[in-house]
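Notebook open, structure loaded. I want to go through the charged pairs, the rings and a sheet, and jot down what turns up.

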Amino acid sequence: HLSRITGLAFTADGAGLVSVSEDRTAKLWDVPGVREPQLIEGDEFKTFATAYSPDGRYLATGGADGVIRVTDLAPDTKDRTPRKLTGHGAAVRVLRFVDNDRLLSGAEDNTARLWSLKDAKELKSWPHPAWVQDLAIVSNRDAFYTADAEGMIRRFGLSSKNKDRIGEVAWRVPGGAIHALTVQPRSNDDGWCWLVTASRDG
């Protein structure tokens, strides 16, 4: 890469690693051999986020133009021109697959959005008071957490049984803007989970 690397994602089999960069490229690296990477896509805008579908078929990238690009990497795919998911009004900062068809995104337009790859359309949007910096999906995939530029964490439901959880569950984390968020179920399987954040204050 010729500029700052802004996102990394392993392939489903762990043998490949995709990197995206402000040099406007996404590259696929062979991890065991560390060979010269394959250029997956190049664009006129900086790329900030990337994610692989659980089955390894789809690669999603998002960047400064607010467009999400989804490339079908199946061996029998002849046309690998990325499909475009449009709707964000500012740079896409984070992408997370819920399953092989649904994709979550967070952006500088103060929204998190859920997309269907099959229909190439937006399914739902959740407004925020600040940039959505990161997303974390719970292990059973019926809910997710967002972290924003004002240091707030919010929980949203992805299934019908969680429809009552529309972001009113929120916490403010000391330290200002949250740059990274991850979630891990507790070992005693009591339905609770650990949330770990990284903020600007170090």
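Is Arg 69 buried or exposed? I looked it up in what is a predicted model: Arg 69 has 9% relative accessibility, so it counts as buried.

**Entry: salt bridges**

I followed Arg 69 to its partner next. Its side chain meets that of Asp 65 in a salt bridge, at 2.8 Å from N to O. I checked Asp 65 too, and at 21% relative accessibility it goes down as partly exposed, because the buried class stops under 20%.

How many salt bridges does the structure hold? I get 8.

Another one I pulled up joins Asp 72 and Arg 57, where the closest N and O atoms are 2.8 Å apart. Asp 72 belongs to strand β7 (residues 68-72), while Arg 57 is in the loop between β5 (47-52) and β6 (58-63), so this pair ties together parts 15 residues apart in sequence. I noted the burial of each partner: Asp 72 is buried at 16% relative accessible area, and Arg 57 is partly exposed at 35%.

Then I went to Arg 102 and Asp 99, whose side chains form a salt bridge at 3.0 Å, N to O. Arg 102 comes out partly exposed, with a relative accessible area of 22%. Asp 99 is partly exposed as well, with 26%.

Last on charges, I found a network: salt bridges link Asp 109, Arg 113 and Glu 122.

**Entry: a charge over a ring**

Where does the charged end of Arg 93 sit? I find it over the ring of Phe 48, 4.0 Å from the ring's centre.

**Entry: the sheet**

I traced an open sheet of 4 strands, ordered β9-β10-β11-β12, with antiparallel pairing. Its edge strands are β9 (92-97) and β12 (121-127), each of which pairs on one side only. From one strand to the next I read an average twist of 20 degrees.

I zoomed in on strand β11 (residues 111-116), which is joined to β12 by 6 bridges, the two running antiparallel. Ser 116 is the residue I marked there, as it stands opposite Lys 121 in β12.

**Entry: aromatic rings**

For ring pairs I logged two things, since a pair is described by the distance of the centres and the angle of the planes. The count is 3 aromatic pairs.

Why do I call Trp 126 and Phe 156 tilted? Their ring centres are 5.8 Å apart and their planes stand at 50 degrees, so the pair is tilted. Trp 126 is in strand β12 and Phe 156 in strand β15 (residues 152-157), so I noted a link between distant parts of the chain, 30 residues apart. I checked burial for both, and Trp 126 and Phe 156 are buried.

Phe 144 and Phe 156 have centres 5.4 Å apart and planes at 25 degrees, so I wrote this pair down as stacked. Here too the pair links distant parts of the chain, with Phe 144 in strand β14 (residues 143-148) and Phe 156 in strand β15, 12 residues apart. I have Phe 144 down as buried, along with Phe 156.

Which residues do the ring pairs link into a cluster? I get Trp 126, Phe 144 and Phe 156.

Methods: Residues are numbered from 1 along each chain as its sequence is written. This is a predicted model: local features need pLDDT of at least 70, side-chain atom pairs count only at pLDDT 80 or more; totals for chains, interfaces and linings use all residues. Side-chain values use heavy atoms; hydrogens and water are left out. Two strands pair if DSSP finds at least two bridges between them. Axes are lines fitted to C-alpha atoms, for helices over the stretch in contact, and angles run from 0 to 180 degrees between N-to-C directions. Rings of Phe, Tyr and Trp (its six-membered ring) pair if their centres lie within 6.5 Å; planes under 30 degrees apart count as stacked, over 60 as edge-to-face and the rest as tilted. Buried means under 20% relative accessible area, exposed over 50%, partly exposed in between (1.4 Å probe, protein chains only). A charge sits over a ring if NZ of Lys or CZ of Arg is within 6 Å of the ring centre and within 35 degrees of the ring normal. A salt bridge is a side-chain nitrogen of Lys or Arg within 4 Å of a carboxyl oxygen of Asp or Glu.
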